[in-house]
Amino acid sequence: PEEECVLEVGNERFTVPEALFTPSVVGLQQSGLAEAVGEAVSALDAQLHSLMFSTVVTVGGNAKMEGFTKRLEQDVRPLAPADFEVSVVGPPQPADESAWRGGARLVNSGVLDQYWVTKQEYEEKGHAICRQKLKDVETCLHVRRGGSKFPGR
């Protein structure tokens, strides 16, 4: 019979997310999320700084943590000039569905149909067929400057 395993979580519930904002709490000497946002904005042309600080979007599983977006906005605010608007928002749909929806849309578009590897192909050519078809997919999905990722759109 399967044993039930219980994991008691104490202050880890708070210290693990805190490490994203203050990596030094776990002994890492690197930028936290707010500083990473500030560094990314600073790397851009100065004319874009105001726009970038006003349009920070969080995605991924961490974006679902209670208070994550609010905390990031509070930590980014002091990094921006006082006359800049700072806005940090979550994705318009649940963060854990974004990649799934994008992948499903891509597969349903039919663009990748010619790149599936059949069992017979794999048995005949091994992993080399996978490498070749993945290279072909990369070429197919290459984003042309100003173009669409999906041919015919």
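Q: What is the mean pLDDT of the chain, and what share of its residues reach 70 or more?

A: First the idea: pLDDT is the predictor's confidence in each residue, on a scale from 0 to 100. In this chain the mean pLDDT is 81, and 79% of the residues reach 70 or more. Keep in mind that this is a predicted model, where local features need pLDDT of at least 70, side-chain atom pairs count only at pLDDT 80 or more, and totals for chains, interfaces and linings use all residues. Residues are numbered from 1 along each chain as its sequence is written, and side-chain values use heavy atoms, with hydrogens and water left out.

Q: Over which residues does pLDDT stay under 50?

A: Where pLDDT is low, the predicted coordinates should not be read in detail. Here that advice applies to residues 143–153, where pLDDT stays under 50. For this stretch the model has 11 contacts beyond four places in sequence, a contact being heavy atoms within 4.5 Å.

Q: How many helices and strands does the chain have?

A: Helices (H or I, at least four residues) and strands (E, at least two) are DSSP runs, numbered from the N terminus. This chain has seven helices and two strands. Going along the sequence, you meet them in the pattern α-α-α-β-α-β-α-α-α.

Q: What share of the residues is buried?

A: Residues are sorted by relative accessible area: buried is under 20%, exposed is over 50%, and partly exposed is in between (1.4 Å probe, protein chains only). Of the 153 residues in the chain, 23% are buried. As for the surface, the chain exposes about 11,700 Å², with carbon and sulfur atoms supplying 54% of it. Such areas come from the Shrake-Rupley method with a 1.4 Å probe, and for residues only the protein chains shown count as cover.

Q: Which residues of the largest nonpolar core touch the most other members?

A: A nonpolar core is a set of buried Ala, Val, Leu, Ile, Met, Phe, Trp, Tyr and Cys residues joined through side-chain atoms within 4.5 Å. The largest one here has 13 residues, and V37, F53, V56, L72, V76, A80 and V86 touch the most other members. Two or more residues of this core come from each of α2 (33–42) and α4 (68–76). Try finding V86: leaving aside neighbours within four places in sequence, V86 is in contact with F53, E73, V76, R77 and A80.

Q: How many salt bridges are there?

A: Side chains of opposite charge can pair when their charged atoms come close. The rule for a salt bridge is a side-chain nitrogen of Lys or Arg within 4 Å of a carboxyl oxygen of Asp or Glu. The count comes to four. One of them joins E18 and R71, at 2.8 Å from N to O. This pair links distant parts of the chain, with E18 in helix α1 (residues 12–21) and R71 in helix α4, 53 residues apart.

Q: Which residues are linked in a network of salt bridges?

A: E18, R71 and D75 are linked in this way. D75 forms a salt bridge with R71, their closest N and O atoms being 2.9 Å apart. D75 and R71 are four residues apart in helix α4, so about one helical turn separates them. R71 is partly exposed, at 23% relative accessibility, and D75 is partly exposed at 24%.

Q: Where do E121 and K133 lie?

A: E121 and K133 form a salt bridge, with the closest N and O atoms 3.1 Å apart. E121 lies in helix α6 (residues 119–125) and K133 in helix α7 (residues 127–141), so the pair ties together parts that are 12 residues apart in sequence. E121 is partly exposed, with a relative accessible area of 21%, whereas K133 is buried at 12%.

Q: Is H49 buried or exposed, and what does H49 touch?

A: H49 is in helix α3 and is buried, with a relative accessible area of 17%. Not counting residues up to four places away in sequence, H49 touches V41, S42, L44 and F84. The side chain of H49 also reaches the backbone oxygen of V41 at 2.9 Å.

Q: Where is G61, and is G61 buried or exposed?

A: G61 lies in the loop between β1 and α4. With a relative accessible area of 52%, G61 is exposed.

How values were computed: A polar contact is a pair of N or O atoms within 3.5 Å; within protein, one must be able to donate a hydrogen and the other to accept it, and residues adjacent in sequence count only if both atoms are side-chain atoms.
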